[in-house]
Amino acid sequence: QVQLVESGGGLVPPGGSLRLSCAASRSIFRINVMSWYRQAPGKERELVATITSGGSTNYADSVKGRFTISRDNAKKTGFLQMNSLKPEDTAVYYCNADLTFGGITYRDRWGQGTLVTVSS
């Protein structure tokens, strides 16, 4: 089936780092554009970062200079490297991607999310 699975979340102190992974099912032929979103307690879901199939990236102002989005096309996996983490980064992080499978492109597919908690 078409699916994405996030991993790498956890508890870290302020100033720490985490790397999140978003892996596509082995049946997926290709990941096209992909993004990371997050939803903090009591807040709406927001776009964190996006990377296109050509490697162009965009970041939310709140994470610019601290987070880096990347991808490994051979492994069909995307990443979000998070440095200098702040308590306000605490949220459930979701990956979202357009996936190609069986000659069809499936748009806006979501993973189940991984929890990141930044606290001392």
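Biologist: Buried means under 20% relative accessible area, exposed over 50%, and partly exposed anything in between (1.4 Å probe, protein chains only). Which of these labels goes to Glu46, at 33% relative accessibility?

Modeller: First, some ground rules: this is a predicted model, where local features need pLDDT of at least 70 and side-chain atom pairs count only at pLDDT 80 or more, while totals for chains, interfaces and linings use all residues. Residues are numbered from 1 along each chain as its sequence is written, and side-chain values use heavy atoms, leaving out hydrogens and water. Now to Glu46: 33% falls between the 20% and 50% cut-offs, so the label is partly exposed.

Biologist: Cool. Which residue's side chain meets that of Glu46 in a salt bridge?

Modeller: A salt bridge here is a side-chain nitrogen of Lys or Arg within 4 Å of a carboxyl oxygen of Asp or Glu. For Glu46, the N to O distance is 2.8 Å. The partner is buried, with a relative accessible area of 5%, and its name is Arg38.

Biologist: Which other residue does Arg38 bridge to, with closest N and O atoms 3.0 Å apart?

Modeller: Arg38 sits in strand S4 and this partner in the loop between strand S8 (77-82) and S9, so the pair ties together parts that are 51 residues apart in sequence. By the way, helices (H or I, at least four residues) and strands (E, at least two) are DSSP runs, numbered from the N terminus. The partner is buried, with a relative accessible area of 1%. It is Asp89.

Biologist: Which residues do salt bridges that share partners join into one network?

Modeller: Arg66 and Asp89 also meet through their side chains, at 2.8 Å from N to O. They are 23 residues apart, with Arg66 in the loop between strand S6 (57-59) and strand S7 (67-72). Arg66 is buried too, since its relative accessible area is 12%. Shared partners then give one network of Arg38, Glu46, Arg66 and Asp89.

Biologist: How many salt bridges does a search of the whole structure find?

Modeller: Among them are Arg38 with Glu46, and Arg66 with Asp89. The search of the whole structure brings the count to 4.

Biologist: Is the disulfide of Cys22 and Cys95 right-handed or left-handed?

Modeller: A disulfide is a pair of cysteine sulfur atoms within 2.5 Å, and these two sit 2.1 Å apart. Cys22 lies in strand S3 (residues 18-24) and Cys95 in strand S9 (residues 91-101), so the link ties together parts 73 residues apart in sequence. Both cysteines are buried. The torsion about the S-S bond is about 65°, so the disulfide is right-handed.

Biologist: Which residue's side chain makes a 2.8 Å polar contact with that of Ser35?

Modeller: Ser35 is in strand S4 (residues 30-39) and counts as buried, because its relative accessibility is 7%. Leaving aside neighbours within four places in sequence, residues in contact with Ser35 (heavy atoms within 4.5 Å) include Leu47, Tyr94 and Cys95. A polar contact is a pair of N or O atoms within 3.5 Å; within protein, one must be able to donate a hydrogen and the other to accept it, and residues adjacent in sequence count only if both atoms are side-chain atoms. The residue is Thr50.

Biologist: Which residues of strand S1 (residues 4-7) point to the buried face?

Modeller: In a regular strand the side chains alternate between the two faces of the sheet. In S1, Val5 and Ser7 point to one face and are not buried. The residues on the other face, which are buried, are Leu4 and Glu6.
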